[in-house]
Amino acid sequence: MPREENARGGMPRRGVRGGVWVEGAELPSKHRAMCEDKVHQRQKESSGPMGKGGEQGGDSGEPAAQIRFYTWEEIQKHNLRTDKWLVIERKVYNVTKWAKRHPGGQRVISHCAGEDATDAFQAFHINPTLVQKFLKPLLIGELAPGEPSQDRDKNSQLVEDFRTLRKTAEDMNLFQASPLFFSCYLGHIIAMEVLAWLMISYFGTGWITTLILACILTTSQAQAGWLQHDFGHLSVFKKSSWNHIVHKFVIGHLKGASANWWNHRHFQHHAKPNIFQKDPDVNMLHIFVLGDTQPVEYGKKKLKYLPYNHQHEYFFLIFPPLLIPVYFQIQIISTMIKRRFWADLAWAISYYLRYFITYIPFYGVLGSLCLLTFVRFLESHWFVWVTQMNHIPMEIDSEKHRDWLSSQMAATCNIEQSFFNDWFTGHLNFQIEHHLFPTMPRHNFWKVKPLVKSLCAKYGVHYEEKPLGKAFVDIVGSLKKSGDLWLDAYLHK
């Protein structure tokens, strides 16, 4: 069906000014009748002061725009790389061209194409009203009356109850950060950096001193990693710009990494956790097979890049020791150069300048490089065990188009709370609450936890929590299980 084009690049006219209904898809007769009733009602409401015809021009004096109604069947067709539509609060947006300019990266918004993205939109933006100004030019219509607000037969009552829970959390001020908490957290990181320098200045560069120094620097780096995570999720300041500035300082100057690289990668993980081809954290480059379905697929296809039945053993030699000092370092540097993240590169350079100016006088160039590599090696172990304990043992599969609550619960689990666990994991022991509410300051996770558990119990959604030690063991056990599934399929299917 031909569509009326506007002057901005072929996008259908949008809005409701004249109350004229234009089809966006072939609708069932009952839906068509409902649409017509809705249009007649809008025409009635818009008549009177606006004139007999009921048409209202825009601010620019343009003639009345037309509204289009779409069915989910039509919307779900637009989930391609070159054609992306999504729905937010029943409004349909064409984000095909905008995706490339999306501050969070084009992939994360593309993962929601053809779906209801209302909960993801609310989860990632601390000021949705401000973001609406970017959405307004992308609006092409609405869901047809009679179409459910959720796609693919999702439980509408569960979705509404979760949104009510979020509103309750907002009313409880659980999205308000404590300046004292984050100031103290940053202070204890800087204090460790100063302590490391004072110790080596006073005690020299002996083996014992160097080992203690490495442990202090590792702790500082790990904790800075958790802190940059807070700013990256916009969970500290009320203004996004302030979070972005401090994020670049923490991840760039304190850690030597890239804020943009982290954003584009990590937001995909949050939008579609443990979903193959959408969550980069489960893209193991054929080194590991994960979950229950991927190992069987590899086995049936007789794919054997590595002996996956031993992956729970070589995991200790590959994943924890090499992720940060090798894979992440290569990826970060190449991404900053290829995508021209020059500001991030400048921040990263400032980290290395500060580090080498501090330690070359004591260890020389080669010694400083060895110390830095050793610190990255230790930090990598810390990072891998903490970040993988919440996800690898959980469901890892292809896209199932679940609602926000169900998809996050299937892919995450919690670790029991204690002061040490909170500090050691950067409050990622509350992984469930963090995934449901990414912009919530971490010191408030324990407050919203009972509400989440209650909602899960109401709908029979599994809420998993375990001790820290068991969580570590489950990583290895899950890898072994997946490796055994691969071997069985490889030999017998």
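What share of the contacts in the protein chain with a separation of 6 or more comes from residues 24 or more positions apart? In this predicted model, the figure is 72%. The chain has 493 residues, and 53% of them count as buried. Its secondary structure comes to 18 helices and eight strands.

How far the predictor trusts its own model comes next. The mean pLDDT of the protein chain is 89, with 87% of the residues reaching 70 or more. Two stretches are another story. Over residues 1-28, pLDDT stays under 50, and the model has 90 contacts beyond four places in sequence for this stretch. Residues 42-64 also have pLDDT that stays under 50, with 25 contacts beyond four places in sequence.

Now for the rings. A pair of aromatic rings is described by two things, namely how far apart the centres are and what angle the planes make. The structure holds 40 aromatic pairs. One of them joins F181 and F182, edge-to-face, at 5.0 Å centre to centre and with 85 degrees between the planes. F181 is partly exposed, its relative accessible area being 23%, whereas F182 counts as buried because its relative accessibility is 5%, and the cut-off for buried is under 20%. Y351 and Y352 make another edge-to-face pair, with the centres 5.0 Å apart and 75 degrees between the planes. Here Y351 is the buried partner, at 4% relative accessibility, and Y352 is partly exposed at 22%.

Rings also turn up in a bigger gathering: F288, Y314, F315, F316, F319, W385 and F472 form one aromatic cluster. Charged side chains get involved with rings too. K302 lies over the face of Y490, at 5.5 Å from the ring centre. R442 has its charged end over the ring of Y185, 4.2 Å from the centre of that ring.

One member of the cluster, F472, leads on to F424, since F472 is among the residues that F424 contacts beyond its neighbours within four places in sequence. The others in that set are Q223, W226, W382 and V386. F424 is found in helix α15, which covers residues 419-425. Is F424 buried or exposed? With 16% relative accessibility, F424 counts as buried. Its contact with Q223 brings together two residues that sit 201 residues apart along the chain, and their C-alpha atoms are separated by 8.0 Å.

Helix α17 makes a handy example of checking a helix with a ruler. It has 15 residues, running from 445 to 459, and at 1.5 Å a residue it should span 21 Å. The C-alpha atoms at its ends are 21 Å apart, so the expected span and the model agree. Which residues of α17 are buried? They are F445, V448, K449, V452, L455 and C456. The elements that cover these buried residues include the helices α6 (156-171), α14 (404-411) and α16 (431-436), along with the strand β8 (465-466). After α17 comes G460, a residue with a positive phi near 70 degrees.

A positive phi also appears in residues other than glycine. Q277 is not a glycine, yet its phi is positive, at about 70 degrees. Q277 is placed in the loop between α10 (259-271) and α11 (293-300), and at 79% relative accessibility it counts as exposed. H401 is another non-glycine residue with a positive phi, near 55 degrees. This histidine lies in the loop between α13 (342-388) and α14. H401 is partly exposed, with a relative accessible area of 23%.

Last come the cysteines. A disulfide is a covalent bond that links the sulfur atoms of two cysteines. How many disulfides does the structure hold? The count is zero. As for individual cysteines, C215 counts as partly exposed at 40% relative accessibility, and C370 is partly exposed as well, with a relative accessible area of 47%. C456, by contrast, is among the buried residues of α17.

Terms used
Residues numbered from 1 in each chain as written. Predicted model: local features only at pLDDT ≥ 70, side-chain atom pairs only at ≥ 80, totals over all residues. Heavy atoms only, no water. Phe/Tyr/Trp six-rings, centres within 6.5 Å; stacked < 30°, edge-to-face > 60°. Buried < 20%, exposed > 50% of the residue type's maximum accessible area, 1.4 Å probe, protein only. Lys NZ or Arg CZ within 6 Å of the ring centre and 35° of its normal. Helix = DSSP H or I, 4+ residues; strand = E, 2+ residues; numbered from the N terminus. Expected span 1.5 Å × (residues − 1). Contact = heavy atoms within 4.5 Å. Disulfide = S-S within 2.5 Å. pLDDT = per-residue confidence, 0-100.
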